[in-house]
Amino acid sequence: MKAVFKTDPGKLREHNEDNGGIFRKSPYILAVIADGMGGHQAGDVASKLALEKINECWNQFDVEEDDAAIIRWLENTVTVANAYIFGEASKHPEYKGMGTTLVAALCNTEEVIVVNVGDSRCYLMHDQEALKQITEDHSLVNELVKAGQITKEYADVHPKKNIITKALGIASEPDCDIQRFRWVKGDRLLLCSDGLSDMVSEEAIMSVFSNVDSLDEKASQLVTKANNAGGNDNISLTIVEYDDGESL
Amino acid sequence: MIGKRINGRYKIISRIGDGGMAVVYKAQDLILDRYCAIKILRQQFSMDDAFIRRFRREAEAVASLSHPNIVNIYDIGEEEDLYYIVMEYIDGTTLKTYIKNFAPVPPENAVFVLKQIASAIEQAHQYGIIHRDIKPQNILIDDQDHVKVTDFGIAMGLTSTTITYTNSIMGSAHYISPEQARGEKATVKSDIYAFGIVMYEMLTGQLPFSGDSPVSVALKHLNDEIIPPRDLNADILPSLENIIFKALDKNPDDRYESMSVLYDDLSTALSPERMNEPSIMPFKEADPDQTLIMSPLKENKDVLSIDDTSSEPDNSEEQKTGNSPAKKGKKNRKKRVIMWISIVILALIVAAIIVIPKWLQVDNVQVPKVKGLTYEQAKERLEDKNLIVKKKVVYDDASLGVVISQDPLSGIEVKEHSKVHLLVSKGPKKAVIQDYVGDDISTVKELINANKYKDVNYIGVSSSKIPKGQIISQTPEAGSKKVPKNTVLKLTYSTGPKQIDVPNVQGDSKGSAEISLENAGFEVVFAEGDYSDNVPEGSVLKTDPSSGSQAEEGATITVYLSKGKEERPKTTVEQITVTVNNTTTQTNNGSTDGDNGEQQANQTSNNENVSQQVNVVIYYTDAKHDHAQFVNGSISKTKVYNLPLTIDPGSKANYQVYKDGQLIQDKTIRYNDID
């Protein structure tokens, strides 16, 4: 498996409130994207704290554990990160109200377990089939679409598309979705912040995946495309490719 | 922040409010020597230039408004990177607290309050300012029920372009209009909707839509019909219910055309003619006709309600505060003035004909004793005697609604239709309960004036999340209004993480120890422990902290796992017997603890013969020796040698015995041969 992480402040914003990373421990890869929120200083703090805690938990991650324990580890990691951010936000008035989205995918050669809070996304691309969004956005517009109040097309240009309904660090207990699915050689996983998914269409993402060889180049081109489309927000992504190579 | 001086002029006294964008403090204006409220933008927004511009522009627009029911803005400024708005200080609570304490609010009081709110919003709308965030938390009310609406247009800042792309978490949606929930721009109609929600809440004591998340509430605004207010409180007049229905129409086009139309409707809602007004529920279809039918009636109603004023005791309060809201710019003002004048003239003529002669022949009545009764009872008794009741409410230790004094006193003779002034208790003066949550218990104990309250209870509970000594919760809750002398203040503080016993897991398997410790509330890490003769390999040798001691809930317990029996070097003593005479040797394998010296065998031979000398050489190899010589000597009778051997795990030892140069024994002993 190969993986790459890229982040870019975009064109409009002075700060990069996104964070993310790739953690490796054979035969597992953990890919993470976090998109912070909370005004001037706190947004980048929240996403950074999330990554710090994930890193700590990763050090204790035991690859020998059984399935149930691994899911428990993932849930526990989210709980720990949530509690930490929530605690810091209540301790420091300047961090009040901060929070972050989180999407993380734990992959081995058989399956992927994805945990998600907020509107950062995880996509799966199988063979040359269309990009499939695995995660469900925890956002107001998505709720409105689900309730039949607005169309999917209007959701894309909705003035309140930035309103999310769940986030890490805003309550004492996190509320996350966990799902797992099998994957096979040739599959690719894309995790990204809304700075990419709002700016670049799924078709354009697919075309980059199909036409560009190097993994690093794929990531760079996606960032460039988001910036060319305006770069309104921070852009972050990780790609995990299940290839023929060594498991790491 | 407390004690700080802003711009050399405003000295911060205390913190009074806390919003998502700003913190509000009570301050002293040192130049004008008056209190003011100063709203300071949160630091995280003060770096966003576009946001600041928006904030200032809105504040300036609101500052241009001047209305008795809109909080006055005195000053807008900045100092270094502090951006602030200085406002009129209102000594009161929010309408939210008022609703909590008094809802369902009686129709007369509710209309009195609602008209002020409507009038404030109406004026802002005339200046093109949409409030966008009408909710009881943004409406202040003093103890005379005077209302001030605050935070006009400030919510606009949140949708400024630079912020739009940042994620933000969805806030409360209780007062959001369906079109705002759908993401459309807030308009005049959105304020009308929010006003309708406030009205619903005042009259019924509950919110029309609630749910476990802001999203579910927003979706209800879009999809669900409200429970008709009269189903919740039968005292609500149909006219008031109809106003709510119309304000809360899902379709903005079917709501009131403007706040001033709503205001007019509200103004006549209590008039007797509208007592039996038909319900306009269901909202749709029937609507337009209904409005048409209602409007021609309106003129009449105005007239009649004015005529009634003198006999409506509750209107006296309204007069005190002035009818200024009612005088607000109406389009048909001229028409009305003419009509009023003719009515007044007509009334005077009627009075001249009917009333004046009556005065000339009035009966005397004795004022009954009403002190101590409830206001309703008192009013009934006085009106039975054809006396006119004038009510004034004051704070008093007597309970709410009780008449505490009357003027004239009972027994005095007065003319019929004279006024009797009653002082009615509003109950004891309440104080706003301070916010103690988050404070340190020892500081609070020092500072709190325990005599102010009936009692102060401190309750310690363990918590792994909240630092020791920090106050977690309080009753009554902060901001609520209570009579301190009747109130027991309960402060619950954290005693730090719960201490729990570490269970005894010694000898348990790894898995079962993990389960026991996790069930007890600990985190577990495993570590390699020592060898143990008693605990099998992989089982628990000991824990740190050890069992029997206590540790914080959630603490990590290190579990040391046994490495099993230690593989130590073993020692054995080989007994080697070398016989003389019959030249046989005999060995005994035993672990006697005798010295490693030579020992005379007990089995002394009975040989009387003097035997020949025999030379004995013994070589040995063990952990410490490599082909070393143990013995080289001559013996003349059978002798037992005790050869000590040390063998490392997995290894072996051997020795060779030579008798007169001839190898008579070569033996190997393996580690495992030894017990």
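A conversation follows between a colleague and a modeller about how the descriptions of this predicted model are reached.

Modeller: The model is predicted, and local features need pLDDT of at least 70, side-chain atom pairs count only at pLDDT 80 or more, while totals for chains, interfaces and linings use all residues. Residues are numbered from 1 along each chain as its sequence is written, and chains are lettered from A and ligands numbered from 1 in the order in which they are written.

Colleague: Why is A:Asp18 called buried?
Modeller: A residue counts as buried if 20 or more other C-beta atoms, placed from the backbone, lie within 10 Å of its own (12 or fewer is exposed, in between is partly exposed). A:Asp18 has 31 such atoms within 10 Å, and is therefore buried. A:Asp18 belongs to strand E2 (residues 18-25) of chain A, a strand being a DSSP run of E with at least two residues and a helix a run of H or I with at least four, both numbered from the N terminus.

Colleague: Which residues does A:Asp18 touch, leaving out those up to four places away in sequence?
Modeller: They are A:Thr7, A:Ala34, A:Asp35, A:Gly36, A:Ser47, A:Ser193, A:Gly195, A:Asn234 and A:Ser236, where contact requires C-beta atoms within 7 Å. The C-alpha atoms of A:Asp18 and A:Met37 are separated by 8.9 Å, and these two residues are 19 apart along the chain. For chain A as a whole, buried residues are 48% of its 248 residues, and its elements are seven helices and 12 strands.

Colleague: What makes H6(A) and H7(A) roughly antiparallel?
Modeller: Helix H6 (residues 202-211) and helix H7 (residues 215-228) of chain A pack at about 150°, with axes 9 Å apart. Axes are lines fitted to C-alpha atoms, for helices over the stretch in contact, and angles run from 0 to 180 degrees between N-to-C directions. Angles over 145 degrees count as roughly antiparallel, under 35 as roughly parallel, 65 to 115 as roughly perpendicular and the rest as oblique, and H6(A) and H7(A) are therefore roughly antiparallel. Their crossing is right-handed, and A:Ala204, A:Ile205, A:Val208 and A:Phe209 of H6(A) meet A:Lys218, A:Gln221, A:Leu222 and A:Lys225 of H7(A).

Colleague: How do you know the direction of H3(B) relative to H10(B)?
Modeller: Helix H3 (residues 107-126) and helix H10 (residues 259-268) of chain B pack at about 160°, with axes 9 Å apart, and that angle makes H3(B) roughly antiparallel to H10(B). The crossing of this pair is left-handed, the near helix being turned anticlockwise from the far one by less than a right angle, whereas a clockwise turn is called right-handed. By class, the contact of H3(B) with H10(B) has eight nonpolar, four polar and two charged residues; nonpolar covers Ala, Val, Leu, Ile, Met, Phe, Trp, Tyr, Cys and Pro, charged covers Asp, Glu, Lys and Arg, and the others, Gly among them, are polar.

Colleague: Why are E7 and E9 of chain B described as standing at the edges?
Modeller: The open sheet of three strands has the order E7-E8-E9 in chain B, with antiparallel pairing, and two strands pair if DSSP finds at least two bridges between them. Strands E7 (93-94) and E9 (147-149) each have a single partner strand, so one side of each is left without a neighbour in the sheet. Strand E8 (residues 139-141) is joined to E9(B) by three bridges, and B:Ile141 has B:Val147 as its bridge partner in E9(B). H3(B) packs on this sheet, touching E8 and E9, with its direction at about 30° to that of E9(B).

Colleague: What makes E9(A) and E10(B) a pair across the two chains?
Modeller: Two bridges join E9(A) to strand E10 (residues 168-169) of chain B, and the strands run parallel; that count meets the requirement of at least two, so the strands pair. A:Ile164 stands opposite B:Ile169 in E10(B). The contact between the chains takes 34 residues from chain A and 22 from chain B, and H1(A) gives the largest share of the chain A side, five residues. By class, that side of chain A has 12 nonpolar, 16 polar and six charged residues.

Key:
Contact = placed C-beta atoms within 7 Å.
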